[in-house]
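Subject: A structure for you to look at

Hi there,

Here is the structure I promised to pass on. Have a look at it first, then read my notes underneath.

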Amino acid sequence: MKEDVTIHESDALLVIDMQYDFLPGGALAVAGGDTIVSGINRLIAGFHDNILPVVFTQDWHPPNHASFASQHEGKQPHDPVDDPSGRIGPILWPDHCVQGTKGAEIHQAMALDKATAILRKGFRPSIDSYSAFLENDKRTPTGLQGMLKELKVQRVFTCGLALDYCVYNTAIDAIDAGFDVIYVIDLAKPVGAPEGIVERVLDEMCQKEVVFTRLDHVVV
Ligand code: VGL
Ligand code: ZN
């Protein structure tokens, strides 16, 4: 774990999927998701005070999304997906973050007033999009890379939900797109399924030279 990380003018903050459905009481609740809200807001304030980009993502599925177990006969949430193309998976989910529903809204406690952009993803019925940069086919762009490059961003800070899905995939794709990545690990919580995924993704991110830090080590 690196010591202090000081924010520069070529940094941006990505706040991933802090929506009702991923928070306790939601359809795909991530344990402890509510405990990171105030810390993320502190980080957002630091970027906002320095007039730096703050991008929120919003998982935004149609009601018939292929990642929902309800769309597959005889399947339950958390069942594995046997789709080698990887467009959905590795597991199926309960219906969540359906467009226009309360569960899809970003939680009202989040400092959404300080967002410079809100990026919706996962709206194509047959492809999921864990990453904020590329959909799960790893070809379809969301447009975020172009936006950040045009804003001369060189380094992104990532936090939010879930540690092992959307935040992880965002961090990896950011590295592959040529950004430096600071992953604020105490401001993310995992789904933790299938078993062993957290260890696996942390290991992969270390290999890819994602830098891990904690909120208290971010100097704004
Ligand atoms: C997510 C599972 C399904 C996430 C989104 O935000 O990590 N996980 N959809
Ligand atoms: Zn989703």
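Below is what turned up, starting with the metal site.

A word on the ground rules: this is a predicted model, in which local features need pLDDT of at least 70 and side-chain atom pairs count only at pLDDT 80 or more, while totals for chains, interfaces and linings use all residues. Residues are numbered from 1 along each chain as its sequence is written, chains are lettered from A and ligands numbered from 1 in the order in which they are written, and side-chain values use heavy atoms, with hydrogens and water left out.

**The zinc site**

Which residues are the protein donors of the zinc ion (ligand 2)? They are Asp 59 (OD), His 61 (NE2) and His 96 (NE2), at 2.0 to 2.2 Å from the ion. (Donors are N, O and S atoms within 2.8 Å of the metal, or 3.2 Å for Na, K and Ca; water is not among the atoms, so sites may look incomplete.) Along the chain, the donors of this zinc ion have the spacing D-x1-H-x34-H. Both His 61 and His 96 sit in the loop between strand 3 (54–59) and strand 4 (117–121), so the pair ties together parts that are 35 residues apart in sequence. (Helices, H or I with at least four residues, and strands, E with at least two, are DSSP runs numbered from the N terminus.)

Are these two histidines, His 61 and His 96, buried or exposed? His 61 is buried at 0% relative accessibility, and His 96 is buried too, at 3%. (Buried means under 20% relative accessible area, exposed over 50%, and partly exposed in between, with a 1.4 Å probe and protein chains only.)

**Helix 3**

Helix 3 (166–176) has 10 of its 11 residues buried, so it is largely enclosed by the rest of the structure. Among those buried residues are Cys 166, Tyr 168, Asn 169 and Asp 173. The cover over them includes strand 2 (11–16), strand 4, strand 5, strand 6 and helix 4; contact here means heavy atoms within 4.5 Å. After helix 3 comes Gly 178, with a positive phi near 100°.

**Backbone oddities**

Most residues other than glycine have a negative phi, and most peptide bonds are trans. Now for some exceptions.

- Leu 161 and Ala 162 are joined by a cis peptide bond, with omega about -10°. Ala 162 is in the loop between strand 5 (155–161) and helix 3.
- Another cis bond runs from Ala 193 to Pro 194, with omega near -5°. You'll find Pro 194 in the loop between strand 6 (180–189) and helix 4.
- Cys 97 is not a glycine, yet its phi is positive, near 45°. Cys 97 is in the loop between strand 3 and strand 4 and is buried, at 0% relative accessible area.
- Lys 152 has a positive phi as well, near 65°. Its place is the loop between helix 2 (144–150) and strand 5, and Lys 152 is exposed, with a relative accessible area of 63%.

Happy browsing!
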